[in-house]
Amino acid sequence: MVDNKAGAKPGADIAGMSFEEALAELQDLVKRLERGDNKLDEAINAYERGAALKQHCEMKLKEAQLKVEKIVLGPDGKVQAVPANID
């Protein structure tokens, strides 16, 4: 897990994280917040960082969705790849 240093923006180091790294840290933050043993300012910082991690994960998933293609048989009988409609 990456600790958020005092004075740093909640999402300052998140941009370089993989989806898996961000998700793991988000899950850890949620567990710590659910325990309720944080001081108020720590809980607020954790919530802000969690929101930034969530946004990053959503962005990574959207990027992956745009890269996914499906293989289809065209009208001429040839195989082609088209963007997947996952919505």
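The buried residues of helix H2 pack against helix H1, and in this predicted model that contact is a useful place to begin. On the H2 side, the residues that count as buried are Ala46, Arg49, Gly50, Ala52, Leu53, His56, Cys57 and Gln65. On the H1 side, the buried residues are Ala22, Glu25, Leu26 and Leu29. Seen down the axis of H1, these buried residues fall within an arc of 105°, so they line one face of the helix. An α-helix has 3.6 residues a turn, so residues three or four places apart point the same way. The face of H1 turned away from its buried side carries Glu20, Lys31, Glu34 and Arg35, which are exposed, while what covers the buried residues of H1 includes H2, the helix of residues 40-67.

The contact between the two helices can be followed residue by residue. From H1, the residues that take part are Phe19, Ala22, Leu23, Glu25, Leu26, Leu29 and Leu33, and their partners in H2 are Ala43, Ala46, Tyr47, Arg49, Gly50, Leu53, Lys54, His56, Cys57, Lys60 and Leu61. As for the geometry, the axes of H1 and H2 come within 9 Å and cross at roughly 150°. Since angles over 145 degrees count as roughly antiparallel, H1 and H2 are therefore roughly antiparallel to each other, and their crossing is left-handed.

Leu26 offers a closer view of this contact from a residue that lies in H1. Its relative accessibility is 17%, and because buried means under 20%, Leu26 counts as buried. Leaving aside residues up to four places away in sequence, Leu26 touches Gly50, Leu53 and Lys54. Ala46 stands 20 residues from Leu26 in sequence, and the C-alpha atoms of these two residues are 9.2 Å apart in space.

Each helix can also be checked for its length. The 17 residues of H1, residues 19-35, should span 24 Å at 1.5 Å a residue, and the C-alpha atoms at the ends of H1 are 25 Å apart, which agrees. For the 28 residues of H2, the same rise of 1.5 Å a residue gives an expected span of 40 Å, and the end C-alpha atoms of H2 lie 41 Å apart, which again agrees. After H1 comes Gly36, whose phi is positive, near 75°.

Beyond the helices, the protein also has two strands, and along the sequence the elements follow the pattern α-α-β-β. Glu69 belongs to strand S1, which runs over residues 69-73. With a relative accessible area of 52%, Glu69 is exposed, because the cut-off for exposed is over 50%. Glu69 nevertheless has contacts with residues further along the chain: not counting residues up to four places away in sequence, Glu69 touches Ala81, Val82, Pro83 and Ala84. For one of these partners, Val82, the separation along the chain is 13 residues, while the C-alpha atoms of Glu69 and Val82 are separated by 5.4 Å.

Two totals place these details in the protein as a whole. Of its 87 residues, 17% count as buried. Among the contacts in the protein with a separation of 6 or more, 48% are accounted for by residues 24 or more positions apart.

Key. Residues are numbered from 1 along each chain as its sequence is written. This is a predicted model: local features need pLDDT of at least 70, side-chain atom pairs count only at pLDDT 80 or more; totals for chains, interfaces and linings use all residues. Side-chain values use heavy atoms; hydrogens and water are left out. Helices (H or I, at least four residues) and strands (E, at least two) are DSSP runs, numbered from the N terminus. The expected span of a helix is 1.5 Å times one less than its number of residues. Buried means under 20% relative accessible area, exposed over 50%, partly exposed in between (1.4 Å probe, protein chains only). The arc is that of the directions from the helix axis to the C-beta atoms. Contact means heavy atoms within 4.5 Å. Axes are lines fitted to C-alpha atoms, for helices over the stretch in contact, and angles run from 0 to 180 degrees between N-to-C directions. Angles under 35 degrees count as roughly parallel, over 145 as roughly antiparallel, 65 to 115 as roughly perpendicular and the rest as oblique. A crossing is left-handed if the near helix is turned anticlockwise from the far one by less than a right angle, and right-handed if clockwise.
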